[in-house]
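Reader: I would like to learn how to read unusual backbone features. Please take them one at a time.

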Amino acid sequence: MRHLLGCADLSATDAIAILDLAEEMQQVQSRPVKKLPALRGRTIVNIFFEDSTRTRTSFEIAGKWLSADTINVSAKGSSVSKGESLRDTMLTLDAMGVDCFVIRHPSSGAAAQVASWVRAQVVNAGDGQHEHPTQALLDAYTMRKHFRSLGNDGFAGKKIAIVGDLLHSRVVRSNVLLQNLLGGEVVLVAPPTLLPTGVENWGCQVTSDFDSVLPEADIVMMLRVQRERMAGGYFPTEREYTAGYGLTEERLRALKPGAGICHPGPMNRGVEISSAAADAANSLVLEQVASGVAIRMSVLYHLLGSDEGAMR
Amino acid sequence: MSLLITGARLADGTVTDLYLNDGVLADPASAPVGVERFDADGLLAIPGLVDLHTHLRQPGREDAETVDSGTDAAARGGFTCVHAMANTSPVTDTAEAAEYVHALGEREGHCQVQVVGAVTKGLAGEELAELGMMADSKAKVRVFSDDGKCVSDSLLMRRALTYVKAFDGMVAQHSQDPRLAGPTACCHESEWSGRLGLPGWPSQAESVIVARDVELAALTDSRVHVCHVSTAESVEIIRWAKKRGVKVTAEATPHHLLLDTPLVASYDTTFKVNPPLRTSEHLEAVREALADGTIDIVGTDHAPHARQDKDHPFDIALPGMLGLEQALAVVIEVMINTGRMDWPTLVQRMSSTPARLGQVPGQGRPLAIGEPANLVLVDPTARASVDAAASKSRSRNNPYHGRDLPDPVVATYWRGRLTYSR
Amino acid sequence: MADPATDTPSPQFSRVVADESEVARALTRMAHELLEANHGAENLVLLGIPTRGVPLARRLAALIEKVEGRPVRQGELDITMYRDDLRANPTRNPGRTAIPGSIDDSVVVLVDDVLYSGRTIGAAFDALRDLGRPRAVRLAVLVDRGHRELPIAADTVGRTIQAADDERVAVQLAELDGTDAITITRTGKES
């Protein structure tokens, strides 16, 4: 595996290897010296064309704990406004001897384009409305841990409901692709205006009736809905959105016992998720955050641990 | 210059000699002994191709294309006339601007350059440009288009259609509802746009404008031309309107005949074009419509872009691809080699009909004694792998790069002068 | 560190230099030597280096427990990330590291199957340094085959074998391979 551009690039074996190694990596967090020498001498540039403190920080910590030199470049709004093309921006940094770019970009496909231009390896830290593979991996890691805590292993037969603005979400695409590998059953829940074109061929159940999903879901993953979508006519008011698709206190009670609640953040409390749900005993939101560093350490190790850059 | 082309086969199958003398076709029997000869045995001679839809980028973006380089590419593709679209900088929206481009064409063109005038000032879609003065200028503008942008205001479109009747003009519409397909729309709305996370451009964003425009053409009894038809829905509407006698004509681009949506899966911005590459069922509908005449002509929408305007993320890179050099190759591949179309029909779609729509005298004429010597010698069986670097264009956004395609153009003659030779 | 997938010797070129009972005797002696040197099991932590060091550490711990009458701490120490040839090889998925409590002020016994260049043990020192500060570190190996590339010596050795460069010395253990044996295989190429 040379790059991680999306879950579409992963095999089931790769995905499980990344999750398994993340467990080892999580142990490192409890050591007196939180550092492994595996990526000593490697240079990782986190280049973020869009703000994301959470993702950027966890990639930075992951790189540092593996002893890589990590550098953050905030490139928000830079290239086009300065008249520089994305290609020139990336080739300039590439020429400095970077080993790996961790790239976040508001445009779909940017990570794949960069990978086709530069010599360095590329990790997609979220591209537009396309993919966010490390988020899906950390979601799966969190879910697997949750399932194990309930005494069962694996994803087979597990129902994972993903609810919210699926049209503009890169998280949903990566999660669906990853669960297709891991064996979880995904149920997509959204108003019809916020469903991607062709979603019926994604190999998962699609519905606009959230209430019908509640009693059978093992995981409900709530996605952030942005206020500007109202202006786009995707739904009339926040109130109506919450009534139909929010994880309200009433819906929280309708979940089956042990169902885990996920949210990739940042949360709009009171819109797609009530505080009661966000802070519930079965909320996995903070677990997700805690898993982020371990998953990213695992991904960076898999990509950069060997000069051959190959896992298979 | 005098030249005797011997043994050429015409589109209708007859074999003949062609005598090019003083820019016209003369009686081969009158050719003097010792005149320069060209043995065209096995080659086809067809009238020089006419493109109703070319972006030459001059003035304003001479780094991407000039009249010189663009018409050089045209000659390489077998064209003897191109129509230079108005979206230059400054926009061709005045008589002066039109005459400037016209003069450039006369001075530097490797083929005839007809000027297309803007419909609205600055392509802003708000006020009519000086349509009449452009028509009366030395450029004799007859085709008006805001191409690149849609004249989306229904009332303004009605006025434009009515106004151009005074000088028998034609409005060529870039059909794109700006709300259904906004500025970020860059991928045919389909399972592909959904998977790739690219903002979708639904086929109906085209067909709703086509439907409105044919109604306005009926209302005004004026001529509307639908640029780059890319969808099955548009084809159906045009077919229906023609049956009703509406004065609507339509064009298909080479790329909408051959290239489909999955090509954008690599996010290679060479394949970003507006309207976007469609899925196979739309390609099929466009091919069928070009064969049966619902679509009247092939227009290249040759849209050169400098590398720095393409090396951006997919939703930000400029839309457009080259077309002049491979247009004939693509039409041969898709229409002739599949038996969908014969050579006389190809000549209509790529030469005589576009010349008639653009009202260009001396172009698209049959290869007969007394006619202007605008012609192409074609080897219908030659093939080659397309090399973007070998282009005569200043730009390299060639979507056919690396593809095995026919390589038909052996020589192009414009006004009796050799403008391209293999 | 031996690799389980490639270590199974092909019979025609292999010879067995120690069988099940000889391996058992060697381990018993090693357990006693460790106890003797440490003056008992006080503070001992046995860390097996994956793959075959792990069952060896378990066996040594069981033998010590039998003598001392109380359990001795044992765990696993994976050194993949600390290898000096990490980048030169295809990515390996590291093994587990499981440390039984703090190693500060304990006497850590590193346990491995074959001691050869010494680089694995060198990497293990680096790994230990990140985990704490033992009072002392000892080394127990079932086989010492010589050809060291680092100044490292084992404190207790099951069997010393003079093997040539083009020979492979492999340990098989019942837990992983179904049988206990030490074999030498002529590979025909310098390893």
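Reader: Is C:Asp105 buried or exposed?

Author: A residue counts as buried if 20 or more other C-beta atoms, placed from the backbone, lie within 10 Å of its own, as exposed if 12 or fewer do, and as partly exposed in between. C:Asp105 has 11 such neighbours within 10 Å, so it is exposed. This is a predicted model, in which local features need pLDDT of at least 70, side-chain atom pairs count only at pLDDT 80 or more, and totals for chains, interfaces and linings use all residues. Residues are numbered from 1 along each chain as its sequence is written, while chains are lettered from A and ligands numbered from 1 in the order in which they are written.

Reader: What is the phi of C:Asp105?

Author: Most residues other than glycine have a negative phi. C:Asp105 is not a glycine, yet its phi is positive, about 65°. It sits in the loop between strand E3 (73–76) and strand E4 (107–115) of chain C; strands (E, at least two residues) and helices (H or I, at least four) are DSSP runs, numbered from the N terminus.

Reader: Where is B:Asp301 found, and is it buried or exposed?

Author: B:Asp301 is in the loop between strand E15 (297–298) and helix H10 (307–310) of chain B. Its phi is also positive, near 50°. B:Asp301 is buried, because 31 other C-beta atoms lie within 10 Å.

Reader: Which peptide bond leading to C:Thr51 is cis?

Author: Most peptide bonds are trans. The bond from C:Pro50 to C:Thr51 is cis, with omega near 5°. C:Thr51 lies in the loop between strand E2 (44–48) and helix H2 (53–68) of chain C.
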